[in-house]
Amino acid sequence: RVFIPRAAQYTEYPLAISVDFLKRKGIYQDQIGTQSILIITAPNGASRAYAIEKQEFKSYKQGILLDKDKKRWEVTDAALIGPDGEQLARLPAHEVFWFAWVNVFPETRVVY
């Protein structure tokens, strides 16, 4: 299974990330076209994708998201809320079997 974050340019720059990889990492940052993204994964394997800007995040443990400066961010269903009140929107995403995805988007970049 792969996780597909659907940033604005995801059909032009398709990205598929192994669900097992995300479970091991807990947090992952990447880029889809011009959009930086953050994916956080709970211990139960549920992942969420968020549109981020210049932020760099370092850890997500026990529901606590910390950026590189060790500032705490609140994780909600709709957005990440920063220590200064800034909000970073959640992106649509889904899980799919790799063989089904690659048939539609053969140029997909894969992270595993």
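The legends below accompany several views of one predicted model.

**Figure 1. Overview of the predicted protein and the order of its elements**. The secondary structure of the protein comprises 2 helices and 12 strands, and, read from the N terminus, these elements follow the order β-β-α-β-β-β-β-β-β-β-β-β-α-β. The C-alpha trace spans about 45 × 30 × 20 Å along its principal axes. A compact globule of 112 residues would have a radius of gyration near 13 Å, and the value for the protein, 14 Å, agrees with this. Of the 112 residues, 43% count as buried, while the area that the protein exposes is about 6,700 Å², with carbon and sulfur atoms supplying 48% of it. When contacts between residues at least 6 apart in sequence are considered, 46% of them join residues at least 24 apart.

**Figure 2. The nonpolar cores, with a view of isoleucine 39**. The largest nonpolar core has 14 residues, and those with the most contacts inside it are Ile17, Leu22, Tyr28, Ile37 and Ile39. Strand 2, helix 1 (19-25), strand 3 (27-32), strand 4 (35-41) and strand 5 are the elements that give two or more residues to this core. Apart from this core lies another, of 12 residues, which includes Tyr50, Leu65, Leu80 and Leu88. Once neighbours within four places in sequence are set aside, isoleucine 39 is in contact with Phe3, Pro5, Ile17, Leu22, Gly26, Ile27, Tyr28, Ser47, Arg48 and Ala49.

**Figure 3. Serine 47 in strand 5 and its surroundings**. Serine 47 belongs to strand 5, which covers residues 47-52, and with a relative accessibility of 15% this serine counts as buried, because the value is under 20%. The side chains of serine 47 and threonine 41 are joined by a polar contact of 2.7 Å. Beyond the neighbours within four places in sequence, the residues in contact with serine 47 are Phe3, Leu22, Ile39, Ile40, Thr41 and Arg90, so that isoleucine 39, which also appears in the previous figure with serine 47 among its contacts, is seen here from the side of the serine.

**Figure 4. Aspartate 30 and its contact with arginine 109**. Aspartate 30 has its place in strand 3 and, at 15% relative accessibility, counts as buried. A polar contact of 3.0 Å connects the side chain of aspartate 30 with the side chain of arginine 109. Setting aside neighbours within four places in sequence, aspartate 30 is in contact with Leu15, Gln35, Ser36, Ile37, Arg109 and Val111. Valine 111 is 81 residues from aspartate 30 along the chain, and the C-alpha atoms of these two residues are separated by 9.9 Å.

**Figure 5. Aromatic ring pairs, one tilted and one stacked**. The structure holds 6 aromatic pairs, and two of them are described here. The ring centres of tyrosine 10 and phenylalanine 105 lie 6.5 Å apart with the planes at 50°, so this pair is tilted. The two residues come from distant parts of the chain, 95 residues apart, with tyrosine 10 in the loop between strand 1 (2-5) and strand 2 (15-18), and phenylalanine 105 in the loop between helix 2 (98-104) and strand 12 (109-111). Tyrosine 10 is partly exposed, at a relative accessible area of 23%, whereas phenylalanine 105 is buried, at 18%. In the other pair, the rings of phenylalanine 97 and phenylalanine 99 have centres 5.8 Å apart and planes at 15°, so this pair is stacked. Phenylalanine 97 counts as partly exposed at 48% relative accessibility, and phenylalanine 99 is exposed, with a relative accessible area of 57%. Ring pairs also link Tyr10, Trp101 and Phe105 into a cluster.

**Figure 6. Two loop residues with a positive phi, glutamine 62 and lysine 70**. Most residues other than glycine have a negative phi. Glutamine 62, although not a glycine, has a positive phi of about 50°; glutamine 62 lies in the loop between strand 6 (57-61) and strand 7 (64-67) and is exposed, with a relative accessible area of 81%. Lysine 70, likewise a residue other than glycine, has a positive phi near 65°. The place of lysine 70 is in the loop between strand 7 and strand 8 (72-75), where lysine 70 counts as exposed at 69% relative accessibility.

Methods: Residues numbered from 1 in each chain as written. Predicted model: local features only at pLDDT ≥ 70, side-chain atom pairs only at ≥ 80, totals over all residues. Heavy atoms only, no water. Phe/Tyr/Trp six-rings, centres within 6.5 Å; stacked < 30°, edge-to-face > 60°. Helix = DSSP H or I, 4+ residues; strand = E, 2+ residues; numbered from the N terminus. Buried < 20%, exposed > 50% of the residue type's maximum accessible area, 1.4 Å probe, protein only. Polar contact = N/O pair within 3.5 Å; in protein donor to acceptor, adjacent residues only side chain to side chain. Contact = heavy atoms within 4.5 Å. Rg over C-alpha atoms; globule rule 2.2 N^0.38 Å. Areas by Shrake-Rupley, 256 points an atom, 1.4 Å probe, with all protein chains shown as cover. Core = buried A, V, L, I, M, F, W, Y, C linked by side-chain atoms within 4.5 Å.
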